[in-house]
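Trainee: Could you pick one part of this model and take me through it slowly? I would like to see how you read it, and then how the same way of looking works elsewhere.

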Amino acid sequence: MASTLVKDGAAAAPVADKASAPASASSYAARIDHVSKSFGRPGSARQLVLDDISIDVAPGEFVTLLGASGCGKSTLLNLVAGLDKPSAGTIDVPGGRPALMFQEHALFPWLTAGKNIELALKLRGVAKSDRKPEAERLLELVRLKGAYGKRVHELSGGMRQRVALARALAQDSQLLLMDEPFAALDAITRDVLHEELTRIWAQTSVSVLFVTHNVREAVRLAQRVVLLSSRPGRVAREWAIDLPQPRRIEDAAVADLSVEITEQLRGEIRRHGQH
Amino acid sequence: MASTETTPAVGGTGADPAAGDTEAPAAAGGTKTPPAAEATEAAGNTAEATGDAGDAAEGSVRTAKKPSTAESLAGLEAGLDALDTAPARERVGLGRIALSKLVPPLIAVALVLTVWQLAAASDLKPDYVLPGPLDVWKAVETMWLDGTLLGYIWTSISRGALGFLVSVAIGTPLGLLVARVKVVRAAIGPILSGLQSLPSVAWVPAAIIWFGLTDATIYAVVLLGAVPSIANGLVSGVDQIPPLYLRAGRTLGARGLDSVRHVLLPAALPGYLAGLKQGWAFSWRSLMAAELIANSPDLGTGLGQLMENFRVNSDMSGVLATIILILIVGIGIDLLFFSPLERRVLRSRGLLVRS
C-alpha cells in the first residue's frame with residue numbers, strides 16, 4: 001500500500017521483474033522513428049500533419065505529448081495504436097498491440113462494467129473461468145469494487161473513465177496510449193483521476209504515452225513532456241520532469257515548469273499568426 | 001528562484017532507477033512509522049532537496065505531509081462517486097402505472113364506441129351499411145360460439161409468424177451485407193429502400209401468376225413486404241453505430257467475425273429491433289393483402305379470407321368484426337412481444353428516459 005507511493009526510480013523495478021516477457025528485451029516500449037503523416041491524395045495538395053517525428057518511450061516510462069490544436073497529437077497516437085499507417089518512417093511497439101483510452105469512455109453500453117472488461121480479456125485470449133476474477137481484480141485496482149454489475153449509464157463520468165482504464169489494463173499491454181482521457185471531466189474529478197493514474201502506473205509496469213493540450217496536466221503526470229509544434233507537427237522541445245511523484249497540480253514546482261512550457265507553447269502558436 | 005531548483009536536470013531520471021532500488025525499502029520503512037524528526041528535517045529540505053541524501057527522506061515526507069494518502073484518496077473518490085451517481089429512482093407502483101397507461105386508451109376507445117353507437121342509432125345509414133358496435137360484437141360472439149374464431153386467427157398468426165421468421169432469416173444477412181460491403185450497398189441499397197415504399201399488395205397479382213392460389217403465393221407476398229424493412233432496419237442500425245465503438249473494438253483486438261459478434265451486432269441492436277418491429281407490421285399487412293385476394297377453398301381460412309367471405313355475403317357486421325380482429329392481433333403482438341423487448345434493450349443502455 002504505502003510502497004506504491006514510492007515512485008521515482010522504483011518505476012524501473014517492476015519492468016525488470018518481467019524480464020521473461022518478450023517486450024522487456026527491447027530498450028523501448030515504443031519507438032517512433034522519423035514518422036511523417038500527410039492526408040489527401042498523392043499529387044494534389046497534400047496536407048502534412050506530422051513531420052519527421054522521432055520519440056522513444058522507455059519501458060515503464062510516462063511521456064506526455066503536448067501541443068495546441070492541429071499539432072497532430074491524436075493522429076500520432078492513432079499511428080502508434082495501429083489504427084492508421086504513417087506516410088513515412090516506422091513505428092515499432094515490441095510489446096504487441098497497445099491499449100488505447102479515448103477522451104470519451106468508449107465503453108460498450110450493452111455490457112455491464114464488468115463484462116466490458118471481460119470482453120477485453122476474452123479478445124486477449126484469457127480462459128473463460130479466469131475472466132471474472134481478473135475483471136474483479138482490475139475493478140478493485142481502479143477502486144470500483146462494487147461496479148461489476150453496473151451499466152455504463154449508471155456510472156458517473158469519472159467512474160466511466162476508471163472502468164475504461166481498467167478495460168485498457170485488461171489488454172495487458174506494455175504500452176498504454178491515452179488520448180486526452182480526462183479532458184471532458186470536471187476539475188475535481190480530473191484531479192482525483194490524476195492521482196489514480198499515477199498510483200496505478202506505479203503499481204504496474206506499463207509505459208504511458210499521454211496526449212493532452214493541458215500543460216499543467218502534462219507536467220503533473222509525466223516523467224517527460226514532449227512539446228509538438230503545429231501544422232505540421234514536429235517535436236519542438238522536450239523536458240524531463242524530475243519532480244517526485246505523487247505530485248499535485250497546484251504544486252509550486254509544477255506551476256513553475258508549466259509557466260516555462262506554456263511560454264514555449266504560446267511561442268509555437270504565435271508563429272502561426274505571423275503568416 | 002524556485003524555478004532554477006526545480007528545472008529538471010535531464011540526467012536525473014536516467015540515474016534514478018538504480019538509486020531507487022536501494023532506497024525504496026528505506027522509504028517504505030519510513031512510511032510505516034514516520035519519525036517526526038525526519039519529517040521536519042525533510043520538510044525543510046524540500047525546497048532544495050536535490051541531493052541524493054534527500055531522496056529517501058523525501059519519500060517519507062511525501063506520504064507523511066501530503067494529505068492524499070491512499071486512504072484519503074479512496075475516501076475522496078468514494079465521495080465523488082456517490083455525489084456523481086444519480087440517486088435511485090423511486091419505484092412507481094403497478095397500480096399507478098396501470099392508471100397512467102391503461103386509462104387514457106380505454107377512455108379513447110370508449111369515446112369512439114360511443115360516437116359509433118350514436119351514429120348507428122341515429123339511422124343516418126341503413127343497418128347493413130353501418131351496423132352498431134353491438135351488431136359487430138354479436139358477429140364475433142357467433143364465430144366464438146361456432147368454435148371457428150380461434151381457428152381463423154391462428155391460421156393468420158401462424159402464417160404471419162412463419163413468414164416473419166423466414167423474413168428475419170433472409171433480411172438479417174442481407175442487411176449485414178448491404179451495411180458492410182460497399183459494392184453491395186451501391187448495387188442494391190437504393191433498391192432495398194425503394195422496395196419499402198412499394199405497397200406489398202402490388203406483388204399479389206404477380207405472385208398468383210407465379211404460384212397459383214397456394215400458400216407459396218401468400219408467403220412470397222409476406223417475404224417481399226417484410227424482408228426489405230428488416231434489412232433496412234439493420235442497415236440503419238449499423239450506420240448509426242458511433243464510430244468510436246468500432247475503433248474501441250479494434251483496439252481491443254476484435255477482428256472479423258469477433259468484431260461483428262461482439263461489437264457490430266450488439267451496437268446495431270436498437271436499430272435492428274426497430275426494423276424487426278416494422279418487419280412484423282409489414283408481414284402482417286402483406287399477409288392480409290395476400291389473404292384478401294388469394295382466396296380459395298384449398299387455402300386455409302385466415303382473417304383476410306374470412307373478411308372477403310363476409311363481403312361476398314354483404315355482411316357488414318362481419319367485415320367490421322374482422323377488421324377489428326386484425327387490428328387487435330397486430331397491436332397485440334407488438335405490445336406483447338416487440339415493445340417490451342425494445343424497451344428492455346433501450347433501458348439497459350440508458351437510452352430510454354422514464355417519463
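Mentor: Start just past helix 14 of chain B, where you come to Ser314(B), a residue with a positive phi near 50°. Keep in mind that this is a predicted model. Now step back into the helix itself, residues 303-312 of chain B. Its buried residues are Leu303(B), Gly304(B), Gln305(B), Leu306(B) and Met307(B). And what lies over them? The cover includes helix 8 (149-180), helix 13 (256-293) and helix 15 (316-348) of chain B.

For the wider setting, an unreviewed UniProt entry annotates residues 153-337 of chain B as "domain: ABC transmembrane type-1". Over that stretch the chain is 84% helix and 0% strand, and the C-alpha atoms at its two ends are 17 Å apart.

Chain A lets you practise on strands. Try strand 6, residues 175-179: five of its five residues are buried, so the rest of the structure largely encloses this strand. In a regular strand, side chains alternate between the two faces of the sheet. You can follow that here, with Leu175(A), Leu177(A) and Asp179(A) pointing one way and Leu176(A) and Met178(A) the other. Strand 6 of chain A pairs in the parallel sense with strand 5 (residues 99-101) over three bridges, and Leu177(A) is the bridge partner of Leu100(A). Strand 6 also pairs with strand 7 (residues 207-212) of chain A, again in the parallel sense, over five bridges; there, Leu176(A) stands opposite Val208(A). Follow the chain through strand 6, helix 6 (residues 187-203) and strand 7 of chain A, and you have a right-handed β-α-β unit.

Chain A also has an open sheet of three strands in the order 2-1-4, with antiparallel pairing. Strand 2 (47-57) and strand 4 (88-92) stand at the edges with a single partner strand each, so one side of each has no neighbour in the sheet. From one strand to the next, the twist averages 20°. Strand 1 (residues 30-39) and strand 4 of chain A are joined over four bridges in the antiparallel sense, and Asp33(A) stands opposite Thr90(A) in strand 4. Helix 2 (residues 73-81) of chain A packs on this sheet, touching strand 1, strand 2 and strand 4, and its direction makes about 120° with that of strand 1.

Technical notes. Residues numbered from 1 in each chain as written. Chains lettered and ligands numbered in written order. Predicted model: local features only at pLDDT ≥ 70, side-chain atom pairs only at ≥ 80, totals over all residues. Buried ≥ 20, exposed ≤ 12 C-beta atoms within 10 Å, placed from the backbone. Pairing = 2+ DSSP bridges. Right-handed = clockwise from strand over helix to strand, strands pointing away. Contact = placed C-beta atoms within 7 Å. UniProt positions renumbered as here; feature names shortened; annotations may be inferred. Axes fitted to C-alpha atoms, helices over the stretch in contact; angles between N-to-C directions.
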